[in-house]
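Hi everyone, thanks for making time for this. I'd like to walk you through one structure, so please take a look at the sequence and the model on the screen.

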Amino acid sequence: MNRPARLAPVKDIEPGKVQARQVWGDSALRYFLYVPQQLRKTAPQFVSVHGISRNAGEHAMLFAPLAERYGVVLVAPFFPRRYFGDYQRLGRAGRGRRADRALQQISREVESLTGAGSRKISLFGFSGGGQFAHRYTMAYPEHVERVVIGAAGWYTYPDETCRFPYGTAPTSRLSDIRFDLKRFLQVPACVLVGQWDIRRDPGLNQAEKIHRQQGTTRLERGKRWIDAMNRAAMAHGTGTPYEFTILPRVGHDFTRAMQNGRLDQRVFSYLFGPVAPFDVPAKDTRQQEIRDTGHDFPVFMLSGEHK
């Protein structure tokens, strides 16, 4: 059932509970926050970005147990279609607000509230969120420690002869961004795609140009992008490893990828290591309600496909 959550007052941070918040002074910048009960001063920020179903609350709820176990601060930004219709491509001119700048504002506020550093984040995105995650990393490699891309529909290639979002040549629609190939080729990345994610559904970019460059399914496109990144890393001498992993018995569904494909464990293992730094039992927040303390805020549904 889709029920409204509430926004927490600025100082009302309650460790161990998922909270819905908005950036102070800007009601369009909304996010879900989970602060572990054992919070270190050096805790990193883990940012998880939703797909076009905009199920940010579900991302927060399902990743919260591992955020607790690992001692990381979890941030799940919410990019409403009304303001961020082009968030997958960072928010090009004429297509709504800039999603890259929105994330930076959210991340800085989270640092001010929790102490978790915003200088470098650990980043994950699923489907449309995977598009955002890898493009954000390409644009701001100095702000990303590592990135995991979950089943993105299509990719920006490390090709300086092709204009963004197909390649990394500058575009007037993001006039302040200049891609530095060698710098973003120093950020480790992993692509995760379901074994059965081979449907050409309406949410998949069907442009002939994309078919020719990247393939016809998310599975094929993810593998080709990783191959392209590894070739580019070798050509530029960075030695950065890029990994591709298939999730067994999973299609294009965030919920099932978490439940059946151990997506959460794979993401945290890649970003933070295979063993949690704290020997603390993971608190199960999957059935917990998001804390109600304020204004209406859409949450999520725990069934169906989430892109």
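Let me begin with a question: is C190 buried or exposed? The answer is buried, because its relative accessible area is 3%, and the cut-off for buried is under 20%. Please keep in mind throughout that this is a predicted model. C162 is another buried cysteine, with a relative accessible area of 15%. As for disulfides, the count comes to zero. As a reminder, a disulfide is a covalent bond between the sulfur atoms of two cysteines.

Next, helix α1, which covers residues 56–70. Does its length make sense? With 15 residues at 1.5 Å a residue, α1 should span 21 Å, and its end C-alpha atoms are 20 Å apart, so the two values agree. The expected value uses one less than the number of residues, in case you were doing the multiplication in your head. Now, where is the kink in α1? You'll find it at A64, shortly before the proline P65, with an angle of about 45°. The helix is also largely enclosed by the rest of the structure, because 14 of its 15 residues are buried. Just after α1 comes G71, and its phi is positive, near 75°.

That brings me to backbone angles. Most residues other than glycine have a negative phi, and most peptide bonds are trans. With that in mind, here are some places to click on. R54, in the loop between β3 (45–49) and α1, is not a glycine, yet its phi is positive, near 55°. R54 counts as buried, since its relative accessibility is 9%. Then there is L90, which sits in the loop between β4 (73–78) and α2 (99–114). L90 has a positive phi too, about 80°, and again this is not a glycine. Its relative accessible area is 0%, so L90 is buried.

For the peptide bonds, which one should you look at? Try the bond from F164 to P165: it is cis, with omega near 10°. P165 belongs to the loop between β6 (144–150) and α4 (181–184).

Now for the empty space, which I suspect some of you were waiting for. Rolling a probe the size of a water molecule over the atoms shows where empty space is left. How many cavities of 30 Å³ or more does the structure hold? One, and the volume of the largest cavity is about 50 Å³. Its lining consists of H134, T137, M138, V147, F184, V187, A189, W225, M229 and Y242. Two elements, α3 (128–139) and α6, each give two or more residues to that lining. The largest share is from α3, with three residues. By residue class, the lining of this cavity has eight nonpolar residues, two polar and no charged.

What about the second largest pocket? That pocket holds about 200 Å³ of space. It has 16 lining residues, and R89, Q131, W154, G203 and N205 are the ones nearest its centre. The lining of this pocket splits into five nonpolar, seven polar and four charged residues.

To finish, let's look at some pairs of residues that are separated along the chain, with distances taken from C-alpha to C-alpha. H50 lies in the loop between β3 and α1, and with a relative accessible area of 0% it is buried. Between H50 and F254 there are 9.2 Å in space, although they are 204 residues apart in sequence.

The next pair takes us back to the first helix. Q265, in helix α8 (residues 263–272), and L66 are 199 residues apart along the chain, while their C-alpha atoms are separated by 7.7 Å. Is Q265 buried or partly exposed? Partly exposed, because its relative accessibility is 40%.

My last stop is T217, in the loop between α5 (208–214) and α6 (218–236). T217 counts as buried because its relative accessible area is 12%. From T217 to D201 the distance in space is 9.3 Å, and in sequence they are 16 residues apart.

That's it from me. Thanks for listening, and do feel free to spin the model around while we talk.

Definitions and conventions
Residues are numbered from 1 along each chain as its sequence is written. This is a predicted model: local features need pLDDT of at least 70, side-chain atom pairs count only at pLDDT 80 or more; totals for chains, interfaces and linings use all residues. Side-chain values use heavy atoms; hydrogens and water are left out. Helices (H or I, at least four residues) and strands (E, at least two) are DSSP runs, numbered from the N terminus. The bend at a residue is the angle between axes fitted to the seven residues ending there and the seven starting there. Buried means under 20% relative accessible area, exposed over 50%, partly exposed in between (1.4 Å probe, protein chains only). A disulfide is a pair of cysteine sulfur atoms within 2.5 Å. On a 1 Å grid over the protein atoms alone, a cavity is a set of points where a 1.4 Å probe fits but cannot get out, and a pocket is an open set with protein on both sides within 12 Å along at least five of seven lines; lining residues have an atom within 4 Å of a point. Grid points are joined across faces, edges and corners, and a volume is the space filled by probe spheres set on the points. Ala, Val, Leu, Ile, Met, Phe, Trp, Tyr, Cys and Pro count as nonpolar, Asp, Glu, Lys and Arg as charged, and the others, Gly among them, as polar.
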